Amino acid sequence: MKGLESMSDTTTPDIIYTKVDEAPQLASASLLPIIRKFAAAAGVSVGVKDISLAGRILAAFPAHLSADQRQSDDLAELGQLVKTPGANVIKLPNVSASVPQLVAAVEELQSQGYPVPDYPENPQTDAEKEARARYDTIKGSAVNPVLREGNSDRRAAVAVKNYAQSNPHSMGDWSKDSKTRVSTMSANDFRSNETSVTLSAAQAGPAKIELIGADGSVTVLKDGIDFPAGTVVDATFMSAKALSAFLEAQIEATKAEGTLFSIHLKATMMKVSDPIIFGHAVKAYLKPIFAEYGDAFAAAGINANSGMGEVLDRIKDLPQGAEILSKVEALMQQQPPMYMVNSDKGITNLHVPSDVIIDASMPALIRAGGKGWGPDGAEADANCVIPDSSYAAVYEEAVNFCKTNGAINPATVGTVQNVGLMAQKAEEYGSHPTTFEIPHDGSVRMSAANGDVLHEHAVEAGDIWRSASTRKAPIEDWVQLAIDRQKAEGCQAIFWLDEDRAHDAELIAYVKPLLAAAGATDKFQILTPRDATRLSFETIAKGENSIAVTGNVLRDYLTDLFPILELGTSAKMLSIVKLMQGGGLFETGAGGSAPKHVQQLVEENHLRWDSLGEFCALGESLKFLADVKGNEKARVLGKAVDVATQGILDHNKSPGRRVGQPDNRDSHFYFALYWAQALATQSDDAELAASFAPIAAALAENEAAIVADFAQAQGAPADIGGYYHTDDTKTAAVMQPSPVLNKIIA
Ligand SMILES: NC(=O)C1=CN([C@@H]2O[C@H](COP(=O)(O)OP(=O)(O)OC[C@H]3O[C@@H](n4cnc5c(N)ncnc54)[C@H](OP(=O)(O)O)[C@@H]3O)[C@@H](O)[C@H]2O)C=CC1
Ligand SMILES: O=C(O)CCC(=O)C(=O)O
Ligand SMILES: [Mg+2]
């Protein structure tokens, strides 16, 4: 039973499951055959669309591939599907590739005989420029923004929250005199330079962004950005000089404070701006080296934005390589120690831009009592550098709350749910096509279709200028979702908006009348992110609940921060995206694809990935299918999924972290067992009960044998035939090691 081949039929299946990367993809090799078998009994078809990094690369270069190597552009198809009422998509987390990851995936495909072009770091010929343009569409967060045609509702299911309270995870201790702190810029960053305007009907239509040089030269940076009336259009820039000065000062301050230097960015999602900021950090940390050899690096095409790992690797090939590397080594002794990704392997925070991703990294540090790992492999306090000040206050307040009150107690803490403005590439997370590293001094002018100047900023070479936009329909949908969710929960609800920030002030101008019209004004508060953080922590510390109604970035940050503190992981979150055209997108958890888990599987055949997010999404997807298509059998299946999920929690059948403990495969077996038992014993559909009775019996009878097969499989290295482009047959063999179970599921 392979189960992961893409669909070949032309009709759209009832549910689309996504083929992704890393740990969730490994998990799918075990779980999806079970889902397909059970769904088929209710006449529900489950198709697969490939949105993996490797799949997207193959789909981008048909001309380079033979007919049997070519792959359809499944992401483009899904992008169309989510704009239709029939969409029902279960979306697993996928890699948002940094340049080093993209290069590694390309090399792997080439080594497997797929002649896709090299990633051109510095494209010269037309062919290289074309390849680069195609790779640029694959880089970074290239999937989620395409599929998220709706706003986001993320929360812990009641059963999951109850389980976390009765089985509290470990938390690090917070000391009042912890030296851990958050540092951020106080001027000349994205927050301070932001201007924002809501377009009138006369200003709607194609807008234009130009760079006007000191000599009067005009360069069109972008033309024809089509905005409907009512769109909130922001523009801002981060000064490169101010950023460098800030980073250098923080490196000095870290040294003086005796803490670890760390920088927390979102180089994956913010794929244009944040790798540049990351590159500035690499250059600031290695300042004397770049001062001396910067020209040689530039000539050799060595780019700090790809990280110190790449820089050090490429220096080796320079004629004066050995000399430079010994100077780097000496300099590292002078600089403050760095927060490490892997101290055993010497991988620092600055090695790869996608290793430390703020939404996961800051909560992990806060959960650990404000500690990070130093180069010596010991825990230490850290200076958490978050250059832009737009959202840094959230982490600063979280850190301050823990310093003052100690770590939060998962056994008693309430919950913070999130309603996030996300649809149609809202806010900063949609700003990549309109983000520019400014080539020369001048001013950037953004003009509306009618010629009105919307924004104008004086800029210097190297500054990062960007425009973000948020459309009216998504804003209205988001406010309505907040009203609905608050009504359903009846708890505190806060719009995390700062009237002193340009963009937020425009949003508040939408929010207040919408709340008033719905008679819901008194149900909501509007607070700055700093004040909202403090109040939310105070609220949950009392065991009460709060709904955070936020923009897109805070949607992302908070749906890792609070779950990691409350539940120990964001993987167990329910993540529903009610698509604006009527369909449903069910994301599995709020976390990513857990690269460390793959390493563990390959080394010792243990997969600690928890599929609770997949279980939650599956239940919602089936119930949604029942609502939309009137398929009552799907409802029965969906309700039984909820029972099975509860069973996994009640019987502690989630994967253990260490080899020898039950893992992801065991949890899927128990999920199948509880699902089948729930179906066999329900009384809503006798036919389904009859068809699942023998399956439930067979699974129960063979429990010991199946679990023994799983235990037997663990311990030795596992061969999955690749990393980004794994071999389906080998992966299936690794992930389906029980012949008895395979026979029942076949
Ligand atoms: N929705 C999406 O498509 C998203 C994709 N990503 C992508 O995922 C990749 C990794 O991102 P990163 O920031 O490291 O975040 P991850 O959430 O993947 O990893 C952080 C840690 O969270 C824990 N974790 C996450 N999910 C699970 C799970 N299901 N079961 C058990 N533990 C889990 C693991 O902790 P431990 O090691 O302690 O077990 C893991 O190491 C990147 O390529 C990123 O772009 C990131 C976020 C969302
Ligand atoms: O698309 C991505 O890169 C990450 C998305 C993410 O972190 C989230 O939505 O929580
Ligand atoms: Mg996230």
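The domain assignment splits this protein into three parts: domain 1 (15-149 + 581-745), domain 2 (184-193 + 239-389) and domain 3 (195-235 + 427-456). What you have in front of you is a predicted model. Its secondary structure adds up to 27 helices and 24 strands. The radius of gyration is 26 Å, close to the 27 Å that the globule rule gives for 746 residues, so the protein is as compact as a globular protein of that length. Here is a tour, topic by topic.

**Overall build**

- Taken along the principal axes, the C-alpha atoms fill a box of roughly 80 × 65 × 60 Å.
- Buried residues account for 55% of the 746 residues.
- Among contacts with a separation of 6 or more, 79% join residues 24 or more positions apart.
- Between domain 1 and domain 3, the C-alpha centres are 40 Å apart.

**Ligand 1**

- The shell around ligand 1 holds 22 residues, and Ser 96, Ala 571, Gly 591, Gly 592 and Asp 610 come nearest.
- By class, this ligand 1 shell has eight nonpolar, 11 polar and three charged residues.
- Domain 1 (15-149 + 581-745) and domain 2 (184-193 + 239-389) both contribute residues to the shell, so ligand 1 lies between them.

**Ligand 2**

- Around ligand 2 you will find Ser 96, Ser 141, Asn 144, Thr 268, Met 269, Asp 359, Asp 556, Thr 559 and Ala 590.
- That ligand 2 shell is made of two nonpolar, five polar and two charged residues.
- Ligand 2 lies between domain 1 (15-149 + 581-745) and domain 2 (184-193 + 239-389), because both give residues to its shell.
- Ser 96 is worth finding on your screen: it is listed around ligand 2 and is also one of the residues that come nearest to ligand 1.

**Nonpolar cores**

- In soluble globular proteins, nonpolar side chains tend to be buried together.
- The largest nonpolar core has 116 residues, of which Ala 281, Val 282, Tyr 395, Ala 398 and Val 549 touch the most other members.
- Domain 2 (184-193 + 239-389) and domain 3 (195-235 + 427-456) both give residues to this core, so it lies between them.
- A second, separate core has 111 residues, including Ile 576, Leu 625, Ile 648 and Ala 676.
- Back in the largest core, Ala 281 is in contact with Leu 247, Ile 263 and Leu 350, leaving aside neighbours within four places in sequence.

**Leu 625, a member of the second core**

- Leu 625 sits in helix H21 (residues 612-629) and counts as buried because it has 23 C-beta neighbours inside 10 Å.
- Leu 625 and Gly 86 are 539 residues apart in sequence, yet their C-alpha atoms are 9.1 Å apart in space.
- Beyond its neighbours within four places in sequence, Leu 625 is in contact with Asp 14, Ile 15, Val 44, Asn 88, Asn 631 and Ala 634.

**Two more buried positions**

- Val 577 belongs to strand E23 (residues 574-579) and is buried, with 26 other C-beta atoms within 10 Å.
- Setting aside neighbours within four places in sequence, Val 577 is in contact with Arg 148, Gly 150, Ser 152, Leu 585 and Glu 587.
- Val 577 and Asp 531 are 46 residues apart in sequence and 27 Å apart in space, C-alpha to C-alpha.
- Glu 194 lies in the loop between helix H8 (190-193) and strand E6 (195-198); it counts as buried because it has 21 C-beta neighbours inside 10 Å.
- From Glu 194 to Ala 235 there are 41 residues in sequence and 5.7 Å in space, C-alpha to C-alpha.
- Contacts of Glu 194, apart from neighbours within four places in sequence, are Asp 234, Thr 236, Arg 501, Ala 502 and His 503.

**Two asparagines with positive phi**

- Most residues other than glycine have a negative phi.
- Asn 188 is not a glycine, but its phi is positive, at about 60°.
- This residue, Asn 188, is in the loop between strand E5 (181-183) and H8, and with 18 C-beta neighbours inside 10 Å it counts as partly exposed.
- Asn 652 also has a positive phi, of about 55°, although it is not a glycine.
- The loop between helix H22 (632-650) and helix H23 (664-681) holds Asn 652, which counts as exposed, with 11 C-beta neighbours inside 10 Å.

Terms used: Residues are numbered from 1 along each chain as its sequence is written. Chains are lettered from A and ligands numbered from 1 in the order in which they are written. This is a predicted model: local features need pLDDT of at least 70, side-chain atom pairs count only at pLDDT 80 or more; totals for chains, interfaces and linings use all residues. A residue is near a molecule or strand if its C-beta atom, placed from the backbone, lies within 6 Å of it. Ala, Val, Leu, Ile, Met, Phe, Trp, Tyr, Cys and Pro count as nonpolar, Asp, Glu, Lys and Arg as charged, and the others, Gly among them, as polar. Domain bounds come from an automatic or database domain assignment. A nonpolar core is a set of buried Ala, Val, Leu, Ile, Met, Phe, Trp, Tyr and Cys residues joined through C-beta atoms within 7 Å. A residue is buried if 20 or more other C-beta atoms lie within 10 Å of its own, exposed if 12 or fewer, and partly exposed in between; C-beta atoms are placed from the backbone. Two residues are in contact if their C-beta atoms, placed from the backbone, lie within 7 Å. Helices (H or I, at least four residues) and strands (E, at least two) are DSSP runs, numbered from the N terminus. The radius of gyration is taken over C-alpha atoms; the globule rule is 2.2 Å times the number of residues to the power 0.38.
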